[in-house]
Amino acid sequence: MKLELGNIIIHDIQFGNVSKVEKGIIYINKNELGALLSEDENIKSVSFEIARPGERIRILPVKDVIEPRIKVSGRGGIFPGMIAKVDTVGSGRTNVLKGAAVVTAGKIVGFQEGIIDMSGPGAEYTPFSKLNNLVVICEPVPGLAQHAHEKAVRLAGLKAAAYLGNLGKDIDADEVEIFETPSLKEGILKYPELPRVAYVQMLQTQGLLHDTYVYGVDMKQSLTTILYPTELMDGAVVSGNCVSACDKNTTYHHLNNPVVRDLYAKHGKELNFTGVIITNENVYLADKERSSDWSAKLAELLGVDGVIISQEGFGNPDTDLIMNCKKIEAKGIKTVIITDEYAGRDGASQSLADADASADAVVTGGNANMLIKLPPMEKVIGHIEAADVIAGGFDGSLKSDGSIEVELQVITGATNELGFNRLSAR
Amino acid sequence: MILLTNNPKVQMGEKIFCDKEFVEGSYRDVLIAVRDKIHKGHRLLSHPLSGSVKPNETPYKSVIISRNSAGMDLDSLKIIEDSIAAYDKFMQNSMKYGYNNQESLLADFSEIDYRLIKAALDSASCR
């Protein structure tokens, strides 16, 4: 399967009379986009804000971040099974508005979370501070239940991203990247001497506010399965995960998965990147046993020499992570796991809730308990009072001058377990 | 299957059909009650650290275990002991949202715990 990504570099977003992309600027007709999103009967009203890199803006609570993309050729549409019809994506040509994102914000439950600071010390911890963001704030109809509210916001974000992506359909790309994965047989014949490597991506699937969708299927109801890596780039996997801001995978992460990109960069040179095994992180322990059995079985079936395993979330998924690692190692396949840590504010406590001697190659996204001070911003988009009741915030986090003292876990993407981080110890 | 919970919404839940034992106490008290059952030979069926809502944030916890008891299951014991250790680590810096009796927050924490254990029960019932 072969996919061309046409990157259209975006320098700015502005509101305008006609929605279009021109000379690297996205112009948005607010009324038109607002009318589109308000078609959902569960949404009472929608408002929009723009947040640019370097501006003194704080966005909270952030639900999802989504990159605008459009299928130019090839099968299917972006976000198949969600807002496009079900069809296998990942081939042909996709245009990307690179440097822009849709950010959905709003309170679904009282302790909601996720901060993006566009400048200051907090901005260094989130990759989304470097993007031109269209923030979509959806107000639900009164009395809407949490699960329906989450779904309405999730779909509004996807629709807004697709609306913006569509503006780039006929624009000449500034750069083109090509990603190709051969069939198993072709790969073995083409690269007989290279080690075969697969990527095992664990997806958050515990329940309300902790879900992930694959071609529209709630992944907690699926067995472990296989994707071509390019399917991820066309939105086959979509986030419905609104909890644990620092180490959840937003839809933007799924579209731009750095493990996939790094494996492609070495594909055909140092290794043969055979594909992506996606698995879940259910609460029911028998599901964990079954799913990790299947991860190991599919890795064996692919005939790989090594896998990279990425986790999503903390606690319950630590058990899935170690099960995947142990069972794949037991097949004689080398593993590297990517996780993050809740090691206490001093970093001295046990990092994970599970461990095993076979997990001997570990990459960390950082310590989510670390305390950080965020100075006041000129403008807050969303709900500033959420700071006291945000995961990683605490009673008294919000100071009278508007600054907040919180744990790193409040910042969207700060300790991401795909390695999509701005800071490293390298 | 037996459900141990300190969440009134789960205890009262009309759509939750298994046997329930209400624990009058904290999140930690539920974990300890589960550990005691594991000592008596019950097996753990759902993960005690379900949910990304941290132990120092939510006051509610629901866990399902096997109805039958046999010899002590060491995998269950390891998971519950690791979970209690993780709970104690988080409580060194309690954020106490739910513990501050903020009504709207308590309702949301209760709803999340209910939904997560319902997802586990749905898995259990259709297998």
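**Exercise 1. The salt bridge between the chains**

Task: In this predicted model, determine which residue of chain A forms a salt bridge with Lys78(B), and describe the side of chain B that touches chain A.

Solution.
Step 1. Lys78(B) pairs with Asp354(A); their closest N and O atoms are 2.7 Å apart. This distance falls within the 4 Å allowed for a salt bridge.
Step 2. Across the interface of chain B and chain A, the rule finds 1 salt bridge.
Step 3. On the side of chain B that touches chain A, the elements giving two or more residues are helix 3 (74-91) and helix 4 (103-125) of chain B. Helix 4 gives the most, with 11 residues.
Step 4. Sorted by class, this side of chain B holds 18 nonpolar, 10 polar and 9 charged residues.

**Exercise 2. Extent of the interface**

Task: State how many residues of each chain are in contact, and what area the two chains bury between them.

Solution.
Step 1. The contact involves 37 residues of chain B and 44 residues of chain A.
Step 2. The size of an interface is often given as the accessible area lost when the parts come together. For chain B and chain A the buried area is about 3300 Å², with 61% of it on carbon and sulfur atoms.
Step 3. Between the chains, 14 residue pairs are in polar contact, counting pairs with both residues at pLDDT 80 or more.

**Exercise 3. Nonpolar cores of chain A**

Task: Describe the largest nonpolar core, find which element gives the most to this core, and list what Leu164(A) touches.

Solution.
Step 1. In soluble globular proteins, nonpolar side chains tend to be buried together. The largest nonpolar core here has 35 residues, and those with the most contacts inside it are Ile26(A), Leu33(A), Phe79(A), Leu134(A), Val136(A) and Leu164(A).
Step 2. Two or more residues of this core come from each of strand 4 (25-28), helix 1 (30-37), strand 5 (43-51), strand 10 (100-105), strand 12 (132-140) and helix 2 (146-166) of chain A. Helix 2 of chain A gives the most, with 9 residues.
Step 3. Leaving out residues up to four places away in sequence, Leu164(A) touches Ile26(A), Ile28(A), Pro68(A), Leu97(A), Val102(A) and Leu134(A).
Step 4. A second, separate core has 27 residues, including Met233(A), Val259(A), Ile338(A) and Leu418(A).

**Exercise 4. Salt bridges and their surroundings**

Task: For the salt bridges of Lys379(A), Arg58(A) and Lys220(A), name the partner, then decide whether Arg58(A) and Asp117(A) are buried or exposed.

Solution.
Step 1. Over all chains, the whole structure has 34 salt bridges.
Step 2. Lys379(A) pairs with Glu49(A), with 2.8 Å between the closest N and O atoms. The pair links distant parts of the chain, Lys379(A) lying in strand 24 (residues 379-382) and Glu49(A) in strand 5 of chain A, 330 residues apart.
Step 3. Lys379(A) has a relative accessible area of 33% and Glu49(A) one of 26%. Because partly exposed covers values from 20% to 50%, Lys379(A) is partly exposed, and Glu49(A) is partly exposed.
Step 4. Arg58(A) meets Asp117(A) at 2.7 Å, N to O. Arg58(A) is in strand 6 (residues 57-60) and Asp117(A) in strand 11 (residues 116-117) of chain A, so this pair ties together parts 59 residues apart in sequence. Both Arg58(A) and Asp117(A) are buried.
Step 5. Lys220(A) pairs with Asp211(A), the closest N and O atoms being 3.1 Å apart; both residues are buried.
Step 6. Asp12(A), Arg52(A) and Glu55(A) are joined into one network by salt bridges that share partners.

Definitions and conventions. Residues numbered from 1 in each chain as written. Chains lettered and ligands numbered in written order. Predicted model: local features only at pLDDT ≥ 70, side-chain atom pairs only at ≥ 80, totals over all residues. Heavy atoms only, no water. Contact = heavy atoms within 4.5 Å. Buried area = accessible area lost by both parts, 1.4 Å probe. Salt bridge = Lys/Arg side-chain N within 4 Å of Asp/Glu carboxyl O. Polar contact = N/O pair within 3.5 Å; in protein donor to acceptor, adjacent residues only side chain to side chain. Helix = DSSP H or I, 4+ residues; strand = E, 2+ residues; numbered from the N terminus. Nonpolar A, V, L, I, M, F, W, Y, C, P; charged D, E, K, R; others polar. Core = buried A, V, L, I, M, F, W, Y, C linked by side-chain atoms within 4.5 Å. Buried < 20%, exposed > 50% of the residue type's maximum accessible area, 1.4 Å probe, protein only.
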